[in-house]
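Visitor: Please pick one part of this model and take me through it closely. Short sentences suit me best.

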Amino acid sequence: MEVHKHPHHVTHKKKWGEYLLEFLMLFLAVFLGFVAENIREHSVEKNREKQYARLLLSDLRTDSMYFVNRTELLESRLKKHALFFHLMTDSATASNKQVINAFLPLFYFYEVRITPGTYNQMKTSGSLRYIENEHLITALEQYYVAMLVRTNIAIDAGHQFYSNIIYPFFLNHIRIQDIDDEGDSVKVVNPVIINRTKETDQQLLNIVGNYGSDQFLQQIRYIEPLIKKNHELISFIKEEYHIK
């Protein structure tokens, strides 16, 4: 019986150049994948950066509108402080009704309502890293941390003066049944200032005068620098991120 012999299978040995080519192709594939992933991550981070920039800009614009209204209100109140001063220092003694009507519109304390929501969220979550411009990060920190803290300290001092000096005078000398609290006016013909004397008139003048001066100084020293920084940040973000 004749047996056929199969030919031996000849194994082709790769040359070193082929191994090198395979290695280079594998390396290139991995490298290009790495580059593509970096480009994708960078694109995602840039989009997030611009989204946060828009949110920051929205907060700052809200602050800007608040500052406009607050400044107008304070200017109006300071004019009333001046009218109160003239009323109390005039040669003719003002009536109880005149004094109370002039005092009630000044019976307020003032706050600073900054909108730090986006900045606080970014700081807490570590998202400030998305902002590449170090000058912008520094400016945001100055606005939301350094300047705001100093302003709030001054505002708190004003609150203490209001709570410890102005409000007790009101409780001791003004009858609640004589006034329209919501309308800041007298609602009776002959209101009473309890235990009114020249000394209490002078005390009230000193209280109101000091409070008005304190509000004016707060505006100059703390609020106006905040307003300036607010405007700078709005312009900075609009220019940096090409936002209208």
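**A close look at helix α5**

Guide: E232 is partly exposed, because its relative accessible area is 38%. The scale is simple: buried is under 20%, exposed is over 50%, and partly exposed is in between (1.4 Å probe, protein chains only). This is a predicted model, where local features need pLDDT of at least 70, side-chain atom pairs count only at pLDDT 80 or more, and totals for chains, interfaces and linings use all residues. Residues are numbered from 1 along each chain as its sequence is written, and side-chain values use heavy atoms, with hydrogens and water left out.

E232 has a partner. Its side chain meets that of K229 in a salt bridge, 3.3 Å from N to O. The term asks for a side-chain nitrogen of Lys or Arg within 4 Å of a carboxyl oxygen of Asp or Glu. Both residues lie in helix α5, three residues apart, or about one turn of the helix. K229 counts as buried, because its relative accessibility is 14%. So this pair joins a buried residue to a partly exposed one.

Helix α5 covers residues 198–241. Here helices (H or I, at least four residues) and strands (E, at least two) are DSSP runs, numbered from the N terminus. The protein chain has five helices and two strands. Along the sequence they run α-α-α-α-β-β-α. That puts α5 at the end of the pattern.

Now look at what lies before α5. N195 sits in the loop between β2 (185–186) and α5. N195 counts as exposed because its relative accessible area is 61%. Its phi is near 55°, a positive value in a residue other than glycine. Most residues other than glycine have a negative phi. Beyond the other end, H242 is found in the segment after α5. Phi of H242 is also positive, near 55°. H242 is exposed because its relative accessibility is 69%.

Next, the surface of α5. L217 lies in this helix. L217 is partly exposed, because 35% is its relative accessibility. Together with F216 and I220, L217 forms a nonpolar patch of about 250 Å² of accessible area. Patch members have over 30% relative accessible area and no salt bridge; like charges are joined within 9 Å, and nonpolar side chains (Val, Leu, Ile, Met, Phe, Trp, Tyr) within 5 Å.

What touches S64 outside its neighbours within four places in sequence? N230, H231 and I234 do. A contact means heavy atoms within 4.5 Å. S64 lies in helix α1 (residues 16–89). S64 is buried, because its relative accessibility is 18%.

D63 is also in α1. Leaving out residues up to four places away in sequence, D63 touches N230 as well as R113, I114, T115, Y143 and Y144. D63 is buried yet has no salt bridge. R113 is its nearest side chain of opposite charge, 9.0 Å away. R113 is paired elsewhere: E111 forms a salt bridge with it, the closest N and O atoms being 3.9 Å apart. R113 counts as exposed because its relative accessible area is 52%. E111 is partly exposed, because its value is 38%.

F67 touches N230 too. Its other contacts, again outside four places in sequence, are I114, Y143, I223, L226 and I227.

These contacts lead to the core. The largest nonpolar core has 31 residues, and F67, I131, L140, Y143 and I237 have the most contacts inside it. The elements that give two or more residues to this core are α1, α3 (117–125), α4 (134–173) and α5. The largest share, nine residues, comes from α4. A core here is a set of buried Ala, Val, Leu, Ile, Met, Phe, Trp, Tyr and Cys residues joined through side-chain atoms within 4.5 Å.

Last, step back to the whole chain. Buried residues make up 34% of its 244 residues. Take contacts between residues at least 6 apart in sequence: 81% of them join residues at least 24 apart. A search of the whole structure finds four salt bridges. The pair in α5, E232 and K229, is one such bridge. Another joins D178 and R175, at 2.9 Å from N to O. D178 is buried, because its relative accessibility is 2%. R175 is partly exposed, because its relative accessible area is 30%.

Notes: Accessible areas come from the Shrake-Rupley method with a 1.4 Å probe; for residues, only the protein chains shown count as cover. Lys and Arg count as positive and Asp and Glu as negative; His and the chain ends are not counted.
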